Amino acid sequence: MERKFFFLVFLLKTLDIFAQTSHYPENWTLENCIQYARENNISINSLRLSKNSAEQDLLQAKEAKYPNVSATVSQGLFAVNGSNGLHLNGAQSQSIGASSSMTLYHAGYIKNNEDSKNLEVQMADLSVQESENNITLTIAQAFLNILMSQENIVSLENVLKTTQTQLKQGGQLYSAGSISKLNYLQIQAQVAQDEYNLVSAQNGLKTNIVNLKQILQLPSPYNFQIAQPDSIIVDDNIKSLQDVQDTAQNQRPEVKYGELNIESSNTNFKMAKASIQPTLNLVGNISTNYTNGNGNYFNQLGNNFYTPIGLSIGIPIYNNRIYKTEIEKSKIAIQQANLDLQNTKTVLNQQIEQSYISLQNSLSQYDSALKQMNINKESYDIVNAQMKLGSIDYVQLQQQRLLYIQAIQNYLQAKYSAVLNRKIYEFYAGNSITLK
């Protein structure tokens with residue numbers, strides 16, 4: 001019975017996981033990952049909820065220019081104090097009323113408040129865009145790390161195949177007495193080292209896959225697989241630094257946020273100044289009442305109608321410097337907003353310049369690493385050919401093998417660093433990150 005219960009629980013969990021993952025792509029492209037994260041990331045969706053909340057504040061601010069209306073109905077019983085104490089005499093009373101008020105003048109406070117809430121909605125949307133940009137770069141780096149790991153594994157597999165062939169040849173030469181046992185053991189050590197390097201690279205790939213999977217916030221049991229792009233090309237065509245900086249200053253959400261923050265601070269300053277201005281309201285109410293024993297119910301309601309309508313003016317005189325403080329703090333907020341925008345623009349230009357330098361450096365390193373790998377591969381091939389003839393210095397074989405493996409590592413690092421730095425640099429220029 002217990003086994004059946006645990007099996008049922010396992011089955012239900014499996015079905016639940018299947019239901020959650022059935023809409024996922026079979027193999028994830030970089031574009032799939034970015035789109036999914038933008039739509040489903042918890043932090044981004046939390047920011048979207050903040051935007052929705054700001055939109056509700058805006059709707060409320062828009063309604064402030066219309067009259068408010070409220071109604072009241074009250075029912076009562078009369079009590080009399082007689083010889084036997086306080087008691088109800090059965091007489092009833094009822095009053096019905098409605099009241100309304102509307103602000104006619106408040107030094108533009110209502111309009112400025114609506115503008116302020118509208119700016120907050122726009123700023124909330126820009127916060128969502130900035131968060132989307134940040135996770136896009138994070139995913140791009142994680143995805144390229146996986147591709148680099150996969151390519152590294154292929155290279156190490158080829159190196160292992162070569163050393164395994166060397167071991168087979170070394171065994172034949174050792175059996176024929178052409179090489180010493182020490183030389184044969186050295187070849188065995190090379191194979192063991194290459195096997196270790198391959199397993200280490202495979203473990204690194206698993207770690208990189210889990211890292212991207214966690215960034216996407218996918219379920220732990222889900223078998224995450226990425227799609228291999230047709231090719232990864234290193235392009236050395238670079239846009240000018242000034243063009244990218246100018247584009248970013250005009251398009252990036254963090255800059256637009258800073259600009260709106262200044263506008264919002266100025267609007268809040270206008271609202272603070274309005275607080276010391278007179279307020280003119282139109283007020284009115286309608287009421288009637290009924291008392292038991294004074295005649296017909298409906299006749300009383302009709303005869304007792306009371307409908308005063310008038311104007312109400314409020315003039316602030318002294319409030320312990322509260323309004324004055326708000327005005328001065330609003331001025332400070334404007335100065336702070338201007339400094340924040342200046343800092344945002346400065347930091348953004350610095351980031352782009354750093355990205356530009358990193359791209360140039362990685363492209364130079366890529367060219368050098370490619371030449372180094374080709375030369376070391378050719379040298380390694382020559383050493384392997386010499387081994388087949390039995391004329392080989394095993395110290396030289398080991399050195400050339402290590403140089404070739406290191407050259408592969410340098411090449412892959414430089415290649416994917418160049419690709420990533422280009423994607424980041426072009427992203428600042430407003431281009432989408434894609435491997436197509």
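The points below describe the cores, one helix pair and three individual residues of this predicted model.

1. The largest nonpolar core contains 60 residues. Those that touch the most other members are Trp-28, Ile-139, Leu-212, Leu-216 and Phe-224. Two or more residues each come from helix H2 (30–40), helix H4 (109–175), helix H5 (181–215), helix H9 (322–388) and helix H10 (394–428). With 16 residues, H4 makes the greatest contribution to this core.

2. Phe-224 merits separate inspection. Leaving aside residues up to four places away in sequence, Phe-224 is in contact with Trp-28, Cys-33, Ile-209, Leu-212, Lys-213, Leu-216 and Leu-218. Among these neighbours, Trp-28, Leu-212 and Leu-216 are also listed with Phe-224 as the core residues touching the most other members.

3. There is also a second core, separate from the one above, made of 16 residues. Its members include Ala-248, Tyr-356, Ala-418 and Ala-429.

4. How are H4 and H5 oriented relative to each other? Their axes approach to within 8 Å and cross at roughly 160°. Since angles over 145 degrees count as roughly antiparallel, the two helices are therefore roughly antiparallel to each other. The crossing in which H4 passes H5 is left-handed. In the contact of H4 with H5, 20 residues are nonpolar, 17 are polar and four are charged.

5. Asn-133 belongs to helix H4. Is this residue buried or exposed? The relative accessibility of Asn-133 is 13%, and buried means under 20%, so Asn-133 counts as buried. Apart from residues up to four places away in sequence, Asn-133 touches Arg-38, Arg-252, Pro-253 and Phe-427. Of these partners, Arg-252 is 119 residues from Asn-133 in sequence, while the C-alpha atoms of the two lie 9.3 Å apart in space.

6. Ala-107 should be checked for its backbone: its phi is positive, at about 55°, although the residue is not a glycine. Ala-107 is located in the loop between strand E2 (85–105) and H4. Its relative accessibility of 26% places Ala-107 in the partly exposed class.

7. Asn-320 likewise has a positive phi without being a glycine, with a value near 60°. The loop that holds Asn-320 runs between strand E4 (309–314) and H9. What is the relative accessible area of Asn-320? The value is 59%; exposed means over 50%, so Asn-320 is exposed.

Conventions. Residues numbered from 1 in each chain as written. Predicted model: local features only at pLDDT ≥ 70, side-chain atom pairs only at ≥ 80, totals over all residues. Heavy atoms only, no water. Core = buried A, V, L, I, M, F, W, Y, C linked by side-chain atoms within 4.5 Å. Buried < 20%, exposed > 50% of the residue type's maximum accessible area, 1.4 Å probe, protein only. Helix = DSSP H or I, 4+ residues; strand = E, 2+ residues; numbered from the N terminus. Contact = heavy atoms within 4.5 Å. Axes fitted to C-alpha atoms, helices over the stretch in contact; angles between N-to-C directions. Parallel < 35°, antiparallel > 145°, perpendicular 65-115°, else oblique. Left-handed = near helix turned anticlockwise from the far one by under 90°. Nonpolar A, V, L, I, M, F, W, Y, C, P; charged D, E, K, R; others polar.
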